[in-house]
Amino acid sequence: MAPVKLCWAPVRCHPCSAGNIDRLVVSDNTLTIEGWLLLPGVRVDSVTVFVNGQECGVGELVIRKDVGKVHPWDEFAEQSGFRVCLQSYPDPVDGLSLIQLVGVVSGSPACCYSTFSQLDSTVGALPTTRLAKMIGSPDRDAYIAQGLKVSCDLLTVMGQIVDSQNVRRILDWGCGCGRVTAHLLKVIRSAEVYGCDIVEELIDWCTKSLPNGSFCRINPSPPTPYEDSFFNIVIGTSVFTHLDRKRQHEWLDEIHRILAPGGIVLASTLGEYAFLRDYFSKGKLRNLFPKLQARKNLFKLRKKGILDGRPNPTLDHVTATDYYRDVFQTTSYTAEAWGKHFEILDHLQIGLGGYQDLVIMTKGAAKRLPPE
Ligand SMILES: C[S@@+](CC[C@H](N)C(=O)[O-])C[C@H]1O[C@@H](n2cnc3c(N)ncnc32)[C@H](O)[C@@H]1O
């Protein structure tokens, strides 16, 4: 079979699921993949594994008490584990393989968890632990896996909604130490990739380590130095998730300014799934009557629409102490608030990294907010 070309368009065939690939190793010509895949509130019967578009096998289901523990409100979470051993699978393309795990319910595909993988273990330059900590990713393996997963999710969406021939410039806004940018630079050859961030050290590292990209440090408040309508795509992964509602509006306005008409924004939020996971991953006592607790918590979030008051100290040495937050917001809040700036094309719950939501927007006719 001809190898699948990994450029813009891995296939997304089903709703996204939460999950993770915890182990992926090649040994004695056998590819072993272990992990979990969770479609919230639904019992998945089996997991079919595709490598580079080719169906390669069906995983056996494995009980995962650890997954159950962080999803105590979901009765099927403990049964979300799987393990598969593949003797035959296609070769990587340009060093990458696309792994797709399709959750099957009552004989039909019901959800999908896709990620890129480097089966040959070639990893580019990695930032120091101190730099990686600044973007909330101190663990080396998680850093690599998240970069591959997030870039796969982004490229999947791009492949579906944009014609790569019309894309000249892409900005990774809040690129950190290039966890995602590095993969975009590898896969996207037909457009220029830019990155910007408010932390000088992170930008210095990107400039040194990712020579094909164009990086620049920006201020925590707009404007950026880019010209009007400069980019065709602006990506913001895990950036709005740290800005309060007022700053979100400021930055949505700025992104609108630097985006070309018809351009696309792909930005993540911490939605309802992330909110519950965050809550239940802290403290055992909270796990009493978890379903009830989950309902109460969701009620609180849905009533407010956005909870943007929790400080995150990670960047206190760079910004004012109240700047960086952990911000959770509902789909309907996002539709209402972000819809004032952009036309929202889709909101994929758990659409990024198996954890965050992914909002897909386009710049239509004059939609900028008047100044307050
Ligand atoms: C959680 S990290 C995510 C980094 C990167 N997007 C990724 O997914 O690996 C958030 C990043 O956003 C940056 N940041 C925070 N506020 C920003 C702003 N107003 N403009 C650009 N970057 C910002 C932080 O410095 C940090 O590097």
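The crossing of helices α7 and α8 is right-handed in this structure, which is a predicted model. Two packed helices are described by the angle between their axes and the distance between the axes. Here helix α7, made of residues 272-280, and helix α8, made of residues 290-304, pack at an angle of about 125 degrees, and their axes lie 10 Å apart. Angles of 65 to 115 degrees would count as roughly perpendicular and angles over 145 as roughly antiparallel, and α7 and α8 are therefore oblique to each other.

The contact itself can be followed residue by residue. From α7 come Glu272, Phe275, Leu276, Tyr279 and Phe280, and these meet Pro290, Ala294, Asn297, Leu298 and Leu301 of α8. Sorted by class, the residues of this contact divide into eight nonpolar, one polar and one charged. An α-helix has 3.6 residues a turn, so residues three or four places apart point the same way. With that in mind, the reader may look again at the positions listed for α8, among them Ala294, Asn297 and Leu301.

Helix α7 also has other partners. Its buried residues are Glu272, Tyr273, Ala274, Phe275, Leu276 and Phe280, and these buried residues pack against α8 as well as against helix α1 (65-70) and the strands β1 (18-27), β14, β15 (343-352) and β16 (356-362).

From the helices we can turn to the ligand, which is surrounded by 22 residues. The closest of them are Ile135, Gly174, Gly176, Arg179 and Ser238, and the shell as a whole is made up of 14 nonpolar, six polar and two charged residues. Ser238 deserves a second look, for it has a positive phi of about 65 degrees although it is not a glycine. This serine is placed in the loop between strand β11 and helix α6, the latter spanning residues 245-258, and it counts as buried because 23 C-beta neighbours lie inside 10 Å.

A second residue with an uncommented but similar kind of backbone entry is Asn52, whose phi is near 45 degrees, a positive value in a residue other than glycine. Asn52 is found in the loop that joins β3 (46-51) to β4 (54-62), and with 22 other C-beta atoms within 10 Å it is buried. The backbone has a further feature at Pro222 and Pro223, where the peptide bond from the former to the latter is cis, with omega near 10 degrees. Pro223 belongs to the loop between β10 (214-217) and β11 (231-236).

Several other positions help to show how burial varies along the chain. Leu155 sits in helix α3, which covers residues 140-161, and this leucine counts as buried, since it has 22 C-beta neighbours inside 10 Å. Although Leu155 and Ser268 are 113 residues apart in sequence, their C-alpha atoms are 14 Å apart in space. Asp139 lies in the loop between α2 (129-134) and α3, and because it has 12 C-beta neighbours inside 10 Å, Asp139 counts as exposed. From Asp139 to Thr129 the separation is 10 residues in sequence and 7.6 Å in space, C-alpha to C-alpha.

Is Pro92, in the loop between β5 (81-86) and β6 (97-105), placed among buried, exposed or partly exposed residues? A residue is buried if 20 or more other C-beta atoms lie within 10 Å of its own and exposed if 12 or fewer do, so Pro92, with 19 such neighbours, counts as partly exposed. The C-alpha atoms of Pro92 and Leu154 are separated by 19 Å, the two residues being 62 apart along the chain.

The last stop is Asp322, in the loop between β13 (306-311) and β14 (325-329). Asp322 counts as exposed because 10 C-beta neighbours lie inside 10 Å. Between the C-alpha atoms of Asp322 and Leu101, which are 221 residues apart along the chain, the separation is 40 Å.

How values were computed. Residues are numbered from 1 along each chain as its sequence is written. This is a predicted model: local features need pLDDT of at least 70, side-chain atom pairs count only at pLDDT 80 or more; totals for chains, interfaces and linings use all residues. Helices (H or I, at least four residues) and strands (E, at least two) are DSSP runs, numbered from the N terminus. A residue is near a molecule or strand if its C-beta atom, placed from the backbone, lies within 6 Å of it. Ala, Val, Leu, Ile, Met, Phe, Trp, Tyr, Cys and Pro count as nonpolar, Asp, Glu, Lys and Arg as charged, and the others, Gly among them, as polar. Axes are lines fitted to C-alpha atoms, for helices over the stretch in contact, and angles run from 0 to 180 degrees between N-to-C directions. Angles under 35 degrees count as roughly parallel, over 145 as roughly antiparallel, 65 to 115 as roughly perpendicular and the rest as oblique. A crossing is left-handed if the near helix is turned anticlockwise from the far one by less than a right angle, and right-handed if clockwise. Two residues are in contact if their C-beta atoms, placed from the backbone, lie within 7 Å.
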